[in-house]
Amino acid sequence: MKENVKLLLNNLLRAIEYEREEERERHTEEIKKLSGYEREEKGRAFIGLHKRKIGRSMGGDWIYEFRKNGSKVLPDTEISIGDQVIISQFNPLNHLNPSGTVYSMSKKNISVAFPRAIKISNSNSLRMDLFVNDTTFKRMEEALTYAKTHTFHRLHTLLSGDYLVDTSESDIQINNLNEVQNISINKAIENNIFYSIQGPPGTGKTYTASYLIKQILITKNRILISADSNAAVDNLIRKLTELKIDVLRIGNPIRVNNDLKAYTLDYKILKHVKYKEITEFEKEIEKYKSKQGRCVRPNAKTTRGIPYDKLLELALSNQSMRGLSKKTIKSMRPWLKAQKKIDDLYKKIQSNKTEIQEYLINSHRVIATTNSTAGSDLLKYENFDWLIMDESAQASIPSSLIPVLKANRFILIGDHFQLPPVVISSEAKKLGLSTSLMDYLANKYPYQLTRLEVQYRMNLKINNLVSKLFYNNKLIPDISVRDRLIKKLYNENIIEVIDVSGHELRKKDSKSYYNNFEIDKVIDYIETLKSKGIEDSQIAVISPYKAQTIKIKDLIKHEIEVDTVDSFQGREKDIVIISFVRANLNERVGFLNDYRRLNVSISRAKSKLVLVGNFKTLKTDKLFNNMLNIIKN
């Protein structure tokens, strides 16, 4: 292994530890310093809850529903489906507190899945805190450690920049794809280790990926498809199902969209013919548990930690032990015998589930999962001919390596000119954690990348702004969208700039900013759109700052989508209103100077783009100044 590769992998191992500690410290310090009420105000906790058990998930987790006392509406929150949360009654940092995964949410309740039944009463109000999920960190560390071994000498050469990649291409023509999409597929299929397909906004990269996968399947190869987020995985699966491709979705069904539940491993287990045996075993378990209710149960204080199997052995042989009389042991015999039956039945259930799981995994040629879940025990010994990774520019190198290590060849699909991996530790950033594998390899092997050029989202004027700023004027709109307009706004500018005087404010105990002057302008502009007959579903408001989106949500009177720029990547709306927030005497724009964030911001709109900001501050940044000049001309 070359020294530069060794340094890269070692630095990334250190970066993961910095990132883990930063995330843990932020949550821990905040919980220490703030009351439950204050943390709820920040959107990272709920207080005044009570619980009720509502059943089991498809994966066997226990589901509990939590509501505010008096069934009040839950406040705005950062907590979302799939997040890890801690439930507490007194000390939220007590290591004995149960932790679970958010299963579902509504206006008045939040359901959480736990690996086992929780033992915490409703005698006092409960608190729920967002916290760190360590699983992904561990899997990234394992991948980096494994990647350092000689087994992956080919990967070492690739990372060093010295790999002799194959630049040939096949001659496949797919009628549903444009010329550059076809070229990207032909080059990707002929690669001898990796290839990248860059998809600028609206160019159909996921659509191209689905046809690439369909083409690879002709060769009878086995494919792993992955992405850093569940949403991106689900988006690709939807495209594959349109092409009648059978996919097995592996991962916690809690994190999978409802319309795709039928493709999950857990759902397919439930529908498997052999699952009937499991159902019968579960019925038997309930019978034995009912029987136990009428029997003398071993008392922990009396039995002093003696295992149940040892107690049963004593009961059947009519023996005593350590102060336990024969009579006492004998009285527990019916309960112990029932427990033995229950334990045996649980073993049979697990054996059946494992058998069904192995059959389903082995019988599917396309497996879909997040990067992190590719490192789970279920796929521990699985290997694939190909890995197709979507939204790969948003995945860090360690995250990407988790699935990369499981495949002979891999294709990275994404756009490294859009948002990079999210990293909160400054030390981790310095060590390279915010660099994606796609970006890293694009610098090492620029000829191993095809950029898609025809976009199917934006009106010509919005397209030209994005194209000139970020894609060397090579992004072009398809004829179907170049004249895209909203008839009710026919006479208006496609791109509208609203200059707002005023100043920004910083949210207390936060790095996030908001701007009341801009909020007023956004609300007024929405009301104007509504007066012209524009539907709520046609409008989105986005901002780089979470604090701004929260305040807009609180004041808006319509069912209009409001979100951060980062959360809105991959999305689109007819009309997109951007509130840039920053306005200060020092003329600082903060992280708005990241060209990738601006790229995502202005490329979400299909027909009309509205830019709201203090442009006296913003145009001090060269990129914003260029943007304004392009719009004026």
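**Close-up 1. Strand β3 and its burial in the predicted model.** In this predicted model, strand β3, which spans residues 84–88, is mostly covered, with 5 of its 5 residues buried. The cover extends to both faces of β3, since Q84, I86 and S88 are buried on one side and V85 and I87 are buried on the other. Along one edge, β3 pairs with strand β4 (residues 99–105) in the antiparallel sense over 3 bridges, and the bridge partner of I86 in β4 is S99. β3 also pairs with strand β6 (residues 126–130), again in the antiparallel sense, over 4 bridges, and there I86 stands opposite D129.

**Close-up 2. The barrel of strands.** The barrel is closed by 6 strands in the order β1-β2-β5-β4-β3-β6, and their pairing is antiparallel. From one strand to the next, the twist averages 50°. Within this barrel, strand β2 (residues 62–68) and strand β5 (residues 109–114) pair in the antiparallel sense over 6 bridges, and I63 has A113 of β5 as its bridge partner.

**Close-up 3. The surroundings of S111.** S111 has its place in strand β5, and it counts as buried because its relative accessibility is 3%. When neighbours within four places in sequence are left aside, S111 is in contact with I54, I63, Y64, E65, T101, V102, Y103 and S104.

**Close-up 4. The crossing of helices α1 and α4.** Helix α1 (residues 3–33) and helix α4 (residues 153–160) have axes that come within 9 Å and cross at roughly 95°, which means that α1 is roughly perpendicular to α4. On the α1 side the contact is made by N4, V5, L8 and L9, and on the α4 side by H156, L159 and S160. By residue class, the contact of α1 with α4 divides into 4 nonpolar and 3 polar residues, with no charged residue.

**Close-up 5. The open sheet and its edges.** The open sheet contains 7 strands in the order β9-β10-β8-β11-β12-β7-β13, with parallel pairing. β9 (248–249) and β13 (449–451) stand at the edges and each has a single partner strand, so one side of each is left without a neighbour in the sheet. The partnership of β13 is with strand β7 (residues 194–198), the two pairing in the parallel sense over 3 bridges, and in this pair I197 stands opposite T450 of β13.

**Close-up 6. Helices lying on the open sheet.** Helix α6 (residues 205–217) lies across β7, β8 (223–227), β10 (366–370), β11 (384–389) and β12 (407–414), and it runs at about 160° to β12. Helix α7 (residues 230–242) also packs on the sheet, where it touches β8, β9 and β10, and its direction makes about 155° with that of β10.

**Close-up 7. The nonpolar cores.** The largest nonpolar core has 62 residues, and those with the most contacts inside it are L158, L401, F410 and L441. Not counting residues up to four places away in sequence, L441 touches L158, F194, F410, L412 and P446. A second core, separate from this one, has 36 residues and includes V466, Y513, I578 and L598.

Key
Residues numbered from 1 in each chain as written. Predicted model: local features only at pLDDT ≥ 70, side-chain atom pairs only at ≥ 80, totals over all residues. Heavy atoms only, no water. Axes fitted to C-alpha atoms, helices over the stretch in contact; angles between N-to-C directions. Parallel < 35°, antiparallel > 145°, perpendicular 65-115°, else oblique. Contact = heavy atoms within 4.5 Å. Nonpolar A, V, L, I, M, F, W, Y, C, P; charged D, E, K, R; others polar. Pairing = 2+ DSSP bridges. Core = buried A, V, L, I, M, F, W, Y, C linked by side-chain atoms within 4.5 Å. Buried < 20%, exposed > 50% of the residue type's maximum accessible area, 1.4 Å probe, protein only.
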